[in-house]
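Biologist: I'm new to reading protein models. Could you walk me through one, feature by feature?

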Amino acid sequence: MSMAPSMTATSPTATTARRVSVAPPLVVILGPPGSGKGTQCERLVEILGVAHVSTGDALRREVRRDTPQGRRAGAYLRSGALVPDGLVLEVVNEALQRHRHAPGILLDGFPRTVGQAHRLTQLESAVRLAAALVVPPATLLRRLAERGRADDQSEIVHRRLVYYQRDTRPLLEWYAESGLLVHVDGNRAASEVTTVLARHLQRVGVGAHRATT
Ligand code: B4P
């Protein structure tokens, strides 16, 4: 991943403050499996003209194409475990390069660990907002059962939720400390969730100003 090795990762705010960047601002969409991260990002792309980088989608694409990255990621995806950071960072870096002229980039499913968040602070682009979708467990389980993707079987979902609690939830505190975190009720109609998210993005100056519904 192309990063400035001399930069010390402290907090997202500290990094943001000392950097004047022309790279697209980043918005991190957080939430447990099935909370609607991918659904909301697709809607926000339509409304605000921002780019969408989903590490889950990108990894699944590599698996389908049977690329070297896909062969390394496949077993992790099938078991519901997190893919090793190095591999995820390769995927993210390629995607960020592709979208370097976008008015903003939504990061869906990345970072998923505090370690990944530290790496993110070393990129040229800065995080302007971290939005956490809040959805009760029963709703998550129902949505994933209805979706029925290969990694949505109940035993694998259980494991993904455990990993979320252990590895990803601490990120909420990390972004809260930096003043970047907002919680958004994700247990509503998708269009209502989008309206709230779009307002938050516009408040921090991310995306083109189009209609919000
Ligand atoms: P992801 O692809 O990120 O999958 P997800 O968290 O399950 O989905 P999401 O929250 O986006 O839910 P969605 O909108 O689809 O991760 C899959 C795997 O990739 C991980 O387990 C891991 O192995 C790997 N991975 C990814 N990133 C990684 C990283 N950074 N580090 C390491 N490993 C990584 O919504 C789910 C369902 O709910 C859909 O059917 C949707 O239609 C429905 N829905 C959504 N919003 C709704 C609403 N408001 N009302 C009703 N239904 C709704």
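Modeller: Sure, we'll go from the whole chain down to single residues. This is a predicted model, where local features need pLDDT of at least 70 and side-chain atom pairs count only at pLDDT 80 or more, while totals for chains, interfaces and linings use all residues. Residues are numbered from 1 along each chain as its sequence is written, and side-chain values use heavy atoms, with hydrogens and water left out.

Biologist: How many helices and strands does the chain have?

Modeller: Both come from DSSP runs, numbered from the N terminus: helices are H or I with at least four residues, strands are E with at least two. Here the chain has 10 helices and five strands.

Biologist: And what share of the residues is buried?

Modeller: Buried means under 20% relative accessible area, exposed means over 50%, and partly exposed lies in between (1.4 Å probe, protein chains only). Of the 213 residues in this chain, 50% are buried.

Biologist: Which residues have the most contacts inside the largest nonpolar core?

Modeller: In soluble globular proteins, nonpolar side chains tend to be buried together. A nonpolar core is a set of buried Ala, Val, Leu, Ile, Met, Phe, Trp, Tyr and Cys residues joined through side-chain atoms within 4.5 Å. The largest one here has 33 residues, and V28, L30, L107, L120 and Y175 have the most contacts inside it. Helix α5 (residues 85–98) gives the most to this core, namely seven residues. There's also a second, separate core of 19 residues, with I47, L133, V182 and V204 among them.

Biologist: How do I read a helix pair, say α2 and α10?

Modeller: Fit lines to the C-alpha atoms, for helices over the stretch in contact, and take the angle between N-to-C directions, from 0 to 180 degrees. The axes of α2 (residues 37–48) and α10 (residues 190–203) come within 10 Å and cross at roughly 60°. Under 35 degrees is roughly parallel, over 145 roughly antiparallel, 65 to 115 roughly perpendicular, and the rest oblique. So α2 and α10 are oblique to each other.

Biologist: Which residues of α2 and α10 make the contact?

Modeller: Contact means heavy atoms within 4.5 Å. On the α2 side, T39, Q40, R43, L44, I47 and L48 take part, and the α10 residues include V193, L197 and L201.

Biologist: Could we try α7 and α8 as well?

Modeller: Helix α7 (residues 137–147) and helix α8 (residues 154–168) have axes that come within 11 Å and cross at roughly 135°. That makes this pair oblique too. L140, L141, L144 and R147 of α7 meet V157, R160 and L161 of α8.

Biologist: Is V53 buried or exposed?

Modeller: V53 has 7% relative accessibility, so it counts as buried. You'll find V53 in strand β2 (residues 51–54). Leaving out residues up to four places away in sequence, V53 touches A95, H99, I105, L106, L107 and D108.

Biologist: What about unusual backbone spots?

Modeller: Most residues other than glycine have a negative phi, and most peptide bonds are trans. D66 has a positive phi of about 55° although it is not a glycine. D66 sits in the loop between α3 (55–65) and α4 (68–79), and its 47% relative accessibility makes it partly exposed. Then there's a cis peptide bond joining F110 and P111, with omega about -5°. P111 lies in the loop between β3 (105–108) and α6 (114–121).
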